[in-house]
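Work through the exercises below with the structure open beside the text. Try each task before reading its solution.

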Amino acid sequence: MPDFDQVVSNREIRALRHSRPYRNLRDAVDQCKDAGQDLLENATGGAYPKLLERSVVITFVTHVEVYFRDMLDAIFRQCDPDFFIPKLKHIHNLKYGIEDLIDIYKRQIHPLELVSSDASFQNIEKIDKVFSKFLGKSVWGEAIGLKIRIKDRPETAVCFEPEYLRNV
């Protein structure tokens with residue numbers, strides 16, 4: 001069962017990100033890349049470089065999870081409900097008791113917030129499981145070769161390559 005306090009907290013934090021999933025991810029990736037580069041260039045062999053390396057990776061993975069959760073929220077905000085409602089039962093199939101429904105009502109939680117808060121994006125299979133429902137095929141197959149960038153920032157252009165999925 002979802003933690004309703006966490007659902008409300010997710011809503012508040014999501015509002016601070018201003019509905020810009022890719023830009024937020026890109027900014028976070030740039031920070032992680034810079035931190036990793038700094039660690040490589042300035043590692044002194046002390047006790048903390050390994051800990052710092054792990055924290056950069058954990059931070060990166062967390063930002064990827066947030067990106068996909070924000071993208072799911074964007075689908076719910078931007079797409080016609082006829083597009084996503086038939087797919088919801090494949091993404092979120094929890095049943096709620098009457099006490100839960102009353103708690104959800106008291107906290108003014110929208111049902112779609114329950115879906116996005118409960119979705120897990122901790123590995124590529126889980127990401128594909130959710131987003132393939134909307135595409136009707138593997139999200140990764142569709143992403144390969146896709147080029148994206150932030151408007152007016154050509155240096156941010158990236159292309160999703162097949163080797164990014166190897167050994168994951």
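The exercises go from the whole chain to helix packing, salt bridges, the hairpin and backbone angles.

**Exercise 1. The whole chain**

Task: State how many helices and strands the chain has, and in what order they come.

Solution. Keep in mind that this is a predicted model.
- Step 1. Count the elements: the secondary structure comes to eight helices and two strands.
- Step 2. Read them from the N terminus: the order is α-α-α-α-α-α-α-α-β-β.
- Step 3. Add the dimensions: the C-alpha trace spans about 60 × 35 × 35 Å along its principal axes.
- Step 4. Look at burial: 33% of the 168 residues count as buried.
- Step 5. Look at contacts between residues at least 6 apart in sequence: 68% of them join residues at least 24 apart.

**Exercise 2. Two packed helices**

Task: Describe how helix α1 (residues 4–16) packs against helix α6 (residues 111–118).

Solution.
- Step 1. Recall what is needed: two packed helices are described by the angle between their axes and the distance between the axes.
- Step 2. Give both values: the angle between α1 and α6 is about 95°, and their axes are 10 Å apart.
- Step 3. Classify the angle. Angles of 65 to 115 degrees count as roughly perpendicular, and α1 and α6 are therefore roughly perpendicular to each other.
- Step 4. List the residues in the contact: α1 contributes F4, V7, N10, R11 and R14, while α6 contributes E113, L114, S116 and S117.
- Step 5. Sort them by class: the contact of α1 with α6 has three nonpolar, three polar and three charged residues.

**Exercise 3. The surroundings of α6**

Task: Find which residues of α6 are buried, and name elements that cover them.

Solution.
- Step 1. Apply the cut-off: a residue is buried when its relative accessible area is under 20%.
- Step 2. List the residues of α6 that are buried: L112, E113, L114, V115, S116 and S117.
- Step 3. Draw the conclusion: six of the eight residues of α6 are buried, so this helix is largely enclosed by the rest of the structure.
- Step 4. Identify the cover: it includes α1, α3, α4 (81–91) and α5 (98–106).

**Exercise 4. Salt bridges**

Task: Which parts of the chain does the pair R11 and E113 tie together? Then treat D70 with R17 and E142 with K137 in turn.

Solution. A search of the whole structure finds eleven salt bridges.
- Step 1. Take R11 and E113: their side chains meet in a salt bridge of 2.6 Å, N to O. R11 lies in helix α1 and E113 in helix α6, so the pair ties together parts that are 102 residues apart in sequence.
- Step 2. Check the burial of this pair: R11 is partly exposed, at 25% relative accessibility, whereas E113 is buried, at 10%.
- Step 3. Take D70 and R17: the closest N and O atoms are 2.6 Å apart. D70 belongs to helix α3 (residues 49–78) and R17 to the loop between α1 and α2 (21–42), so this pair ties together parts that are 53 residues apart in sequence. D70 is buried, with a relative accessible area of 6%.
- Step 4. Take E142 and K137: the closest N and O atoms are 3.6 Å apart. E142 is partly exposed at 41%, and K137 is partly exposed at 47%.
- Step 5. Note a network: salt bridges link R26, D27, D30, R153 and E155.

**Exercise 5. The hairpin**

Task: Describe how strands β1 (residues 147–150) and β2 (residues 153–159) are joined.

Solution.
- Step 1. Determine the direction: the two strands run antiparallel, and three bridges join them.
- Step 2. Locate one bridge: K147 has C159 as its partner in β2.
- Step 3. Inspect the turn: the hairpin has two residues between the strands, and D152 takes a positive phi near 65° there.

**Exercise 6. Positive phi**

Task: For Q108 and D152, give phi, location and exposure.

Solution.
- Step 1. Recall the background: most residues other than glycine have a negative phi.
- Step 2. Take Q108: its phi is positive, about 55°, although Q108 is not a glycine. Q108 lies in the loop between α5 and α6 and is exposed, with a relative accessible area of 67%.
- Step 3. Take D152: its phi near 65° is a positive value in a residue other than glycine. D152 lies in the loop between β1 and β2 and counts as exposed at 65% relative accessibility.

Terms used:
Residues are numbered from 1 along each chain as its sequence is written. This is a predicted model: local features need pLDDT of at least 70, side-chain atom pairs count only at pLDDT 80 or more; totals for chains, interfaces and linings use all residues. Side-chain values use heavy atoms; hydrogens and water are left out. Axes are lines fitted to C-alpha atoms, for helices over the stretch in contact, and angles run from 0 to 180 degrees between N-to-C directions. Helices (H or I, at least four residues) and strands (E, at least two) are DSSP runs, numbered from the N terminus. Angles under 35 degrees count as roughly parallel, over 145 as roughly antiparallel, 65 to 115 as roughly perpendicular and the rest as oblique. Contact means heavy atoms within 4.5 Å. Ala, Val, Leu, Ile, Met, Phe, Trp, Tyr, Cys and Pro count as nonpolar, Asp, Glu, Lys and Arg as charged, and the others, Gly among them, as polar. Two strands pair if DSSP finds at least two bridges between them. A salt bridge is a side-chain nitrogen of Lys or Arg within 4 Å of a carboxyl oxygen of Asp or Glu. Buried means under 20% relative accessible area, exposed over 50%, partly exposed in between (1.4 Å probe, protein chains only).
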